[in-house]
Amino acid sequence: MSLAIITSGRDIQKWVDNIHLQAPDIKLQIYPQLTAPDEITGALLWKHPHGALNSLKNLQWVSSLGAGVDHILSDPKLPDVPITRIVDDQLA
């Protein structure tokens, strides 16, 4: 399994470090340097560039890296995949 982190204008290093700590076997690909897009089955998003998911032919789900999903739903080229979000008392 390979996950993509797709965001614009955010420092993602804490997310990358925590994913590697909790699930070291998961291969991460960081947008825009997706080295093997056909291996990506899930994408973690925060205000991603619209259309960025179109090259992910085996995408099975996307998740917001925050509480909301409006930034995902606003993508006019969003593929037909399940959308999840983070639920945490510490999120606004």
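I take accessible areas from the Shrake-Rupley method with a 1.4 Å probe. On that footing I looked up the surface of the chain, which comes to about 5700 Å², and I noted that 51% of this surface belongs to carbon and sulfur atoms. I keep in mind throughout that this is a predicted model.

**Entry on overall form.** I asked myself what radius of gyration a compact globule with 92 residues would have, and how the chain agrees with that. The rule gives a value near 12 Å, and because the chain has 12 Å, I recorded agreement with a compact globule. Along the principal axes, I found that the C-alpha trace spans about 35 × 30 × 25 Å. Of the 92 residues, I noted that 39% count as buried. I then turned to contacts between residues at least 6 apart in sequence, and found that 41% of them join residues at least 24 apart.

**Entry on charge.** I looked up the charged side chains and found 7 positive and 10 negative ones, with the centres of the two sets lying 6 Å apart.

**Entry on the elements.** I found 2 helices and 5 strands in the chain, and, reading from the N terminus on, I wrote their succession down as β-α-β-β-β-α-β.

**Entry on the sheet.** Before going on I reminded myself that strands of a sheet pair through backbone hydrogen bonds, either parallel or antiparallel. Here I found an open sheet of 5 strands in the order E2-E1-E3-E4-E5, with parallel pairing. Which strands stand at the edges? They are E2 (27-30) and E5 (83-84), and since each has a single partner strand, one side of each is left without a neighbour in the sheet. I also followed the pairing of E1 (residues 2-7) with E3 (residues 40-46), which runs in the parallel sense over 6 bridges; for Thr7, the bridge partner in E3 is Trp46.

**Entry on Ile6.** I chose Ile6 as a residue to follow, and located it in strand E1. Is Ile6 buried or exposed? Its relative accessibility is 0%, and buried means under 20%, so I count Ile6 as buried. Leaving aside neighbours within four places in sequence, I listed what Ile6 is in contact with: Tyr31, Ala43, Leu44, Leu45, Trp46, His48, Pro49, Ala52, Leu53 and Leu56. As a last check I looked up the separation of Ile6 and Ile19, which are 13 residues apart in sequence and 14 Å apart in space, C-alpha to C-alpha.

Methods: Residues are numbered from 1 along each chain as its sequence is written. This is a predicted model: local features need pLDDT of at least 70, side-chain atom pairs count only at pLDDT 80 or more; totals for chains, interfaces and linings use all residues. Side-chain values use heavy atoms; hydrogens and water are left out. Helices (H or I, at least four residues) and strands (E, at least two) are DSSP runs, numbered from the N terminus. The radius of gyration is taken over C-alpha atoms; the globule rule is 2.2 Å times the number of residues to the power 0.38. Buried means under 20% relative accessible area, exposed over 50%, partly exposed in between (1.4 Å probe, protein chains only). Contact means heavy atoms within 4.5 Å. Lys and Arg count as positive and Asp and Glu as negative; His and the chain ends are not counted. The place of a charge is taken as NZ of Lys, CZ of Arg, CG of Asp or CD of Glu. Two strands pair if DSSP finds at least two bridges between them.
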